[in-house]
Number of protein chains: 2
Amino acid sequence: MNIIISNRSDLPLFKQIENEIKTAIFNNELNEQDLLPSVRSLASDLNISFLTVKRAYDNLEKEGFIKTIQGKGSFVAPKNMELIKEEKLKEIEKHIEQIYKISKISGITETEIKEIFKIIFEEEK
Amino acid sequence: MNIIISNRSDLPLFKQIENEIKTAIFNNELNEQDLLPSVRSLASDLNISFLTVKRAYDNLEKEGFIKTIQGKGSFVAPKNMELIKEEKLKEIEKHIEQIYKISKISGITETEIKEIFKIIFEEEK
DNA sequence: CTAACTGTTATACATATAATATAACAGTTA
DNA sequence: TAACTGTTATATTATATGTATAACAGTTAG
């Protein structure tokens with residue numbers, strides 16, 4: 001698994017780590033019961049404090065993505081991804097509703113929005 | 001013009017003020033050359049520091065929405081529809097970037113998103 | 001001209017978040 | 001027991017947000 005973080009990101013380091021691990025889980029680069037890097041080894045690899053990594057892991061555990069056992073390490077949790085996917089779909093719905101409202105009062109057309117959509121989704125492929 | 005701010009918002013006060021004034025300009029509640037409330041009077045109305053209002057006004061001036069003259073006050077800048085449209089396009093871009101990030105970590109496909117997009121944009125017609 | 005408005009600037013302070021550094025403590029396993 | 005795991009506590013730094021106060025400067029109505 002490759003985790004890359006950046007100081008220049010708009011997101012805090014711990015959040016970047018969370019997102020990268022979530023992505024790895026969803027992309028099956030990490031699977032159920034897989035052992036994650038230890039807080040200290042990952043911190044060392046990324047040249048950051050282990051407390052920052054721990055914070056990311058704590059958040060991931062609260063959200064149900066991983067399970068941590070003292071002395072053993074952190075493991076990818078049994079998948080209950082459908083529930084999480086539903087929540088993410090709701091988030092996306094809210095963003096699209098916002099876009100709809102903006103477009104309605106600004107005269108920006110559906111075509112223009114689709115164009116932006118296409119650019120962002122193809123830019124990083 | 002009505003400006004409403006909230007401590008419970010996720011946005012800082014100065015940003016909320018910026019957004020409300022931009023919206024008012026866009027909706028023609030504020031027009032070219034209109035005088036905005038003075039930093040001190042608005043601060044007093046909102047029960048916040050005048051420095052917070054000044055910060056919002058400074059940002060609005062940097063972005064070209066208003067023009068401030070010492071001793072006189074702040075005025076709505078000559079309308080630049082392109083500027084406003086650019087602003088709204090940027091907002092939409094941010095939403096789509098958010099959607100992109102969510103999709104990346106949740107395995108939600110572009111097709112699924114387009115489906116939601118279609119539903120929301122056609123539902124409310 | 002002066003008073004009463006405008007905006008400007010500087011300094012200090014308070015709080016929250018993010019991230020670090022260090023040290024000590026506790027569980028697991030070869 | 002050694003060498004890994006994670007946990008906890010304390011202190012420190014930096015940055016963002018917001019406040020408080022005071023002094024300074026431009027504009028304008030009386």
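1. Helices here are DSSP runs of H or I with at least four residues, strands are runs of E with at least two, and both are numbered from the N terminus. By that count, α3(B) gives the most to the surface near DNA strand D, with 4 residues. A residue is near a strand if one of its heavy atoms lies within 4 Å of it.

2. This is a predicted model, in which local features need pLDDT of at least 70 and side-chain atom pairs count only at pLDDT 80 or more, while totals for chains, interfaces and linings use all residues. Residues are numbered from 1 along each chain as its sequence is written, chains are lettered from A and ligands numbered from 1 in the order in which they are written, and side-chain values use heavy atoms, with hydrogens and water left out.

3. DNA strand D has 25 residues around it, and R40(A), K54(A), L13(B), T52(B) and K72(B) come nearest. Sugar or phosphate accounts for 65% of the strand D atoms within 4 Å of the protein, and bases for the rest. By class, this surface has 10 nonpolar residues (Ala, Val, Leu, Ile, Met, Phe, Trp, Tyr, Cys and Pro), 9 polar and 6 charged (Asp, Glu, Lys and Arg), with the others, Gly among them, counted as polar.

4. Polar contacts are pairs of N or O atoms within 3.5 Å; within protein, one must be able to donate a hydrogen and the other to accept it, and residues adjacent in sequence count only if both atoms are side-chain atoms. A polar backbone atom of L13(B) is 2.5 Å from a phosphate oxygen of DNA strand D. For S38(A), a polar side-chain atom lies 3.4 Å from a phosphate oxygen of the strand. R40(B) reaches a base: a polar atom of its side chain is 3.3 Å from a base nitrogen of DNA strand D. Elements giving two or more residues to this surface are α2 (39-46), α3 and β1 (66-69) of chain A, and α1 (13-26) and α3 of chain B.

5. DNA strand C is surrounded by 25 residues, with L13(A), F14(A), T52(A), R55(A) and K54(B) the closest. Of its atoms within 4 Å of the protein, 66% belong to sugar or phosphate. The largest share of the surface near this strand, 4 residues, is from α3(A).

6. Phosphate oxygens of DNA strand C lie 2.4 Å from a backbone N or O atom of L13(A), 3.4 Å from a side-chain N or O atom of K72(A) and 3.2 Å from a polar backbone atom of V39(B).

7. Between the chains, the axes of α1(A) and α4 (residues 81-106) of chain B come within 6 Å and cross at roughly 50°. Axes are lines fitted to C-alpha atoms, for helices over the stretch in contact, and angles run from 0 to 180 degrees between N-to-C directions. α1(A) is therefore oblique to α4(B), since angles under 35 degrees count as roughly parallel, over 145 as roughly antiparallel, 65 to 115 as roughly perpendicular and the rest as oblique. In contact (heavy atoms within 4.5 Å) are N19(A), K22(A), T23(A) and F26(A) of α1(A) with K104(B), I105(B) and S106(B) of α4(B).

8. N19(A) is buried at a relative accessible area of 19%. Buried means under 20%, exposed over 50% and partly exposed in between (1.4 Å probe, protein chains only). Beyond four places in sequence, N19(A) contacts L11(A) and I105(B).
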